[in-house]
Amino acid sequence: MPLRLPDGKRLAVSLSPDFDAQSVWIGTFRTSSQSSLSRGEFGAEVGAPRLLDTFERYGIKTTWCVPTHTIQTFPGAVSAVLGHGHEVAAHGVYHEYVPKLELDEERRLMELQLTLHERLLGLRPRGYRSPALDHTDHTLALLDEFGLEWDSSLMGHDFYPYHPRSVTSIDLERGSSFSAPAKLLEFPVSWGLDDFPELELIKGNATQQSNEVLLKRWKDAFDFAYDRCPGGMMTWTLHPQTIGRSYNLLMLERFIEYVIEHEGVWFPTLSEAADAWTESED
């Protein structure tokens, strides 16, 4: 179902950073290596300011999904995000791997991150992105329970928001069953529109995608959505410690310049996009 875009706009584009800093190494990769932690520090102290400067020069506002570990470890960097007029959304406590959480712990961490956002930033986030880009069987119900208006973690669509549902049972011979759709809105993501798995070198898995190959993929995805999905929404997940590296940032800026050559592109925050949603196509 299309969004009600502002007059003259054809496609919404969100270049949404996951401001993980050190938490991705601690929570997901379970390492306290000083080298890995320094990569997170680079993201906060170098990558994030570079990304803010790029967004400022191109007049782009977006949504930064921020673990509360980052808010507490690098408060000045997060304040700069808000100071530049960007939205901050929930993204876990310490970049915990959500699919492995038991219900009680998932609820505790959900409540804790929302409480910390309000106490530390004076704002209750309207939306959430799972640090794992994945859910448990209970995540959607918890997000509804805590009053979140949108999620951006799942991949059931590509260029249109939707009301997500959980798979409640899998029968190999009779197929799968689903929950009722959640009240909240899903802004779908894709590993193909995520810089980290393509561009970040991980010890023991020393593969890195060519920037030119990745740029071509991003352009192709944009071209498809622009030509065939009017009223749609594209969501990139960017990481300051990755996209903020000099060679990657230049690629991002080439991509932005390609996008803005097209008339009718809107760069909303995810909450601004949620406000443009309507349940009717009329």
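The questions below concern glutamate 200 and the two pockets of a predicted model. Residues are numbered from 1 along each chain as its sequence is written, and side-chain values use heavy atoms, without hydrogens and water. Local features need pLDDT of at least 70 and side-chain atom pairs count only at pLDDT 80 or more, whereas totals for chains, interfaces and linings use all residues.

Q: Why is glutamate 200 called buried?
A: Glutamate 200 has 10% relative accessibility and therefore counts as buried, the term for under 20% relative accessible area (exposed is over 50%, partly exposed in between; 1.4 Å probe, protein chains only).

Q: What makes the link between the side chains of glutamate 200 and arginine 39 a polar contact?
A: The two side chains are joined at 2.7 Å, and a polar contact is a pair of N or O atoms within 3.5 Å, where within protein one must be able to donate a hydrogen and the other to accept it, and residues adjacent in sequence count only if both atoms are side-chain atoms.

Q: Which residues lie closest to the centre of the largest pocket?
A: The largest pocket has a volume of about 390 Å³, and of its 22 lining residues Thr28, Phe29, Trp191, Phe196 and Pro197 are the closest to its centre. Lining residues have an atom within 4 Å of a point of the pocket, which is an open set on a 1 Å grid over the protein atoms alone, with protein on both sides within 12 Å along at least five of seven lines.

Terms used:
1 Å grid on protein atoms, 1.4 Å probe; cavity = no way out; pocket = protein on both sides within 12 Å on 5 of 7 lines; lining within 4 Å. Points joined across faces, edges and corners; volume = space filled by probe spheres on them.
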